[in-house]
Amino acid sequence: ADPRELSELTIPVFSEVKDKHLYFYPKKQSDPQFERSVARFLEVNDDMPVNEYQRQHGNAFVKALLASGVKAATVKRYLNQIRPIFETAISELGISIANPLSKLKVPKTEADEERSREPFSLSEVKAAQSCCRQADDPRRWVLSILSDTGARLSEVVGLLVEDVSLDQQVPHIFIRRNPLRGLKTRTSERCVPLVGDALWAVHRAMENNTSEYLFPAFVKNGEINPSSISAALNKWLRDQDLRGPKQTVHSFRHSIRDRLRNSGCPPDVADRIGGWKRQGVGEGYGIGHDLTIMHKVMANMITAEHQGS
């Protein structure tokens, strides 16, 4: 074969490019969303030479995800996992193609509008916390931690015992990537001070723990399934009449932002606590707020709420 024909004959298939991509980004190997995204993409489009994928294959991927009930925001996260694989083929393997997922449009569905979450009011948070203390079991400990940290469900359920520090000046949890789960964004890695019911729940989880996982009951074959855990927790909240139709366990994360805001917490400190994207060029400099500063504003929030009740 002449050089041009030989080049065409040796174009790698998608799965081979994925392996090369992992060579440059090894952390992706422990990211469950990356593996799910790749599996779904291959399920829809098959494993073809990477230069054979067209815009229609990207649109078919989006359509299949939406048809399965996945929200538009989640579809975009899946695309963000697959798109860089094609970029690796272009930049590192020298394959002359246009990225078929570049600037791909994802339509919003009615389900996206219907699933918009409402935060819990302070009285609703306190009612949920009271019921959790009465039940006093692992599922309720998870809810209690969510309620007073604003962390994501997977961040809490996927904690290891080594991520917990209760004997320091400021008791806290260290949210970082581990074999159980990755993190949503780069700014998601953070230390979160423990106050109020979150501190109580972590103490209870540690006192009853004999595993490397903080919540071993939710770990099956070295993995966690946040979707099934979320469904179980949401059902319990509904059965106890503790949530409305547009409230879910994730609403605690919305609530903590309001609670911090109402207690006078500076927005940049709130961003650090919740792992939200930080605004402004200056926020990219330095190592961030000291743990004692974050603990102070969270403790002030709890104190102000108790005084107001």
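Is Asp258 buried, partly exposed or exposed, and what is its relative accessible area? In this predicted model, Asp258 is partly exposed, with a relative accessible area of 29%. That residue makes a good starting point for a look at the charged pairs of the chain, where the count comes to 14 salt bridges.

Asp258 is joined through its side chain to Arg261, with an N to O distance of 2.6 Å. Both partners belong to helix α12, which spans residues 251–262, and because they are 3 residues apart, about one helical turn separates them. Arg261, like its partner, falls in the partly exposed class, at a relative accessible area of 48%.

Helix α12 also takes part in a salt bridge that reaches beyond its own residues. Here the side chain of Arg259 meets that of Glu305, at 2.8 Å from N to O. This pair connects distant parts of the chain: Arg259 sits in helix α12 and Glu305 in helix α14 (residues 291–308), with their positions 46 residues apart. What are the relative accessible areas of these two partners? For Glu305 the value is 11%, which makes this residue buried. Arg259 is buried too, with a relative accessible area of 7%. Both values lie under 20%, the limit for a buried residue, and therefore this salt bridge has a buried residue at each end.

A further pair can be found earlier in the sequence. Lys18 and Asp19 form a salt bridge in which the closest N and O atoms are 3.8 Å apart. This distance is within the 4 Å allowed, so the pair is counted as a salt bridge. The two partners fall into separate accessibility classes: Lys18 is buried, at a relative accessible area of 15%, whereas Asp19 is partly exposed, at 47%.

Charged side chains also come together in a group. Which residues are linked with Arg204 in a network of salt bridges? The network brings in Asp136 and Glu207 alongside Arg204.

Finally, a word on another arginine. Arg36 is located in helix α3, which covers residues 32–45. The relative accessible area of Arg36 is 42%, and this residue is therefore partly exposed. Along the chain, Arg36 and Leu79 are 43 residues apart, and a distance of 11 Å separates their C-alpha atoms.

Definitions and conventions: Residues are numbered from 1 along each chain as its sequence is written. This is a predicted model: local features need pLDDT of at least 70, side-chain atom pairs count only at pLDDT 80 or more; totals for chains, interfaces and linings use all residues. Side-chain values use heavy atoms; hydrogens and water are left out. Buried means under 20% relative accessible area, exposed over 50%, partly exposed in between (1.4 Å probe, protein chains only). Helices (H or I, at least four residues) and strands (E, at least two) are DSSP runs, numbered from the N terminus.
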